[in-house]
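Please work through the exercises below with the sequence and the 3D structure side by side, trying each task before reading its solution.

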Amino acid sequence: MGLGGCIILIAAGAILTFATDWHMEGVNLDLVGIILMIVGLIGVSTFSGIARRRRVVVPPATPVVEEERHHHHRDGYSDGYGV
């Protein structure tokens, strides 16, 4: 169950606890709503703990320094052989 499912549990629990006035034999809807909200909060805290652990911190990349290469163009005359 992801973060969205946990939020839905919290919302359903709040609706059952605060927004309904139904009375059922043998079922206390206020208690059911409170239980759903607690389970949703536990899920949110667990999900955020797992998500925080999954985050990988990458150290800043060190710049790559390339050496300048001096290319000598050999045309046969400048090195003394073409004279």
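The exercises that follow concern a predicted model, and each solution goes step by step.

**Exercise 1. The chain as a whole**

Task: State how many helices and strands the protein chain has, and then describe its burial, its surface and its contacts.

Solution: Begin with the secondary structure, which comes to two helices and zero strands. Turn next to burial, where the calculation places 12% of the 83 residues in the buried class. The accessible surface of the protein chain comes to about 7600 Å², and carbon and sulfur atoms account for 63% of that area. Finally, take the contacts with a separation of 6 or more, of which 49% are between residues 24 or more positions apart.

**Exercise 2. The length and the faces of H1**

Task: Check whether the span of helix H1 agrees with its number of residues, and then find which of its residues are buried and which are exposed.

Solution: Helix H1 covers residues 3-18. Because each residue contributes 1.5 Å and the helix has 16 residues, the expected span is 22 Å, and the end C-alpha atoms are indeed 22 Å apart, in agreement. The buried residues of H1 are Cys6, Leu9, Gly13, Leu16 and Thr17. Viewed down the helix axis, these buried residues fall within an arc of 95°, and they therefore line one face of H1. On the other side of the helix, Ile8, Ile15 and Phe18 are exposed.

**Exercise 3. Gly40 and its surroundings**

Task: Decide whether Gly40 is buried or exposed, and identify what it contacts beyond its neighbours within four places in sequence.

Solution: Locate Gly40 in helix H2, which runs over residues 29-54. The relative accessibility of Gly40 is 0%, and because buried means under 20%, this residue counts as buried. Once the neighbours within four places in sequence are set aside, Gly40 is in contact with Cys6, Leu9 and Ile10. Of these, Cys6 and Leu9 are among the buried residues of H1. Two C-alpha distances complete the picture: Gly40 is separated by 6.3 Å from Ile7, although the two are 33 residues apart along the chain, and by 9.6 Å from Ala12, at 28 residues apart.

**Exercise 4. Partly exposed residues and a surface patch**

Task: Classify Leu3, Ile7 and Ile38 by accessibility, and determine which residues form a nonpolar patch on the surface.

Solution: Take first the two residues of H1, Leu3 and Ile7. Leu3 has a relative accessible area of 36% and is partly exposed, while Ile7, with 48%, is also partly exposed. Ile38, which belongs to helix H2, counts as partly exposed at 47%; its C-alpha atom is separated by 8.8 Å from that of Leu9, 29 residues apart along the chain. For the patch, Leu3 and Ile7 are joined by Phe47, and together the three have about 250 Å² of accessible area.

Definitions and conventions
Residues are numbered from 1 along each chain as its sequence is written. This is a predicted model: local features need pLDDT of at least 70, side-chain atom pairs count only at pLDDT 80 or more; totals for chains, interfaces and linings use all residues. Side-chain values use heavy atoms; hydrogens and water are left out. Helices (H or I, at least four residues) and strands (E, at least two) are DSSP runs, numbered from the N terminus. Buried means under 20% relative accessible area, exposed over 50%, partly exposed in between (1.4 Å probe, protein chains only). Contact means heavy atoms within 4.5 Å. Accessible areas come from the Shrake-Rupley method with a 1.4 Å probe; for residues, only the protein chains shown count as cover. Patches are made of residues with over 30% relative accessible area and no salt bridge: like charges are joined within 9 Å, nonpolar side chains (Val, Leu, Ile, Met, Phe, Trp, Tyr) within 5 Å. A salt bridge is a side-chain nitrogen of Lys or Arg within 4 Å of a carboxyl oxygen of Asp or Glu. The expected span of a helix is 1.5 Å times one less than its number of residues. The arc is that of the directions from the helix axis to the C-beta atoms.
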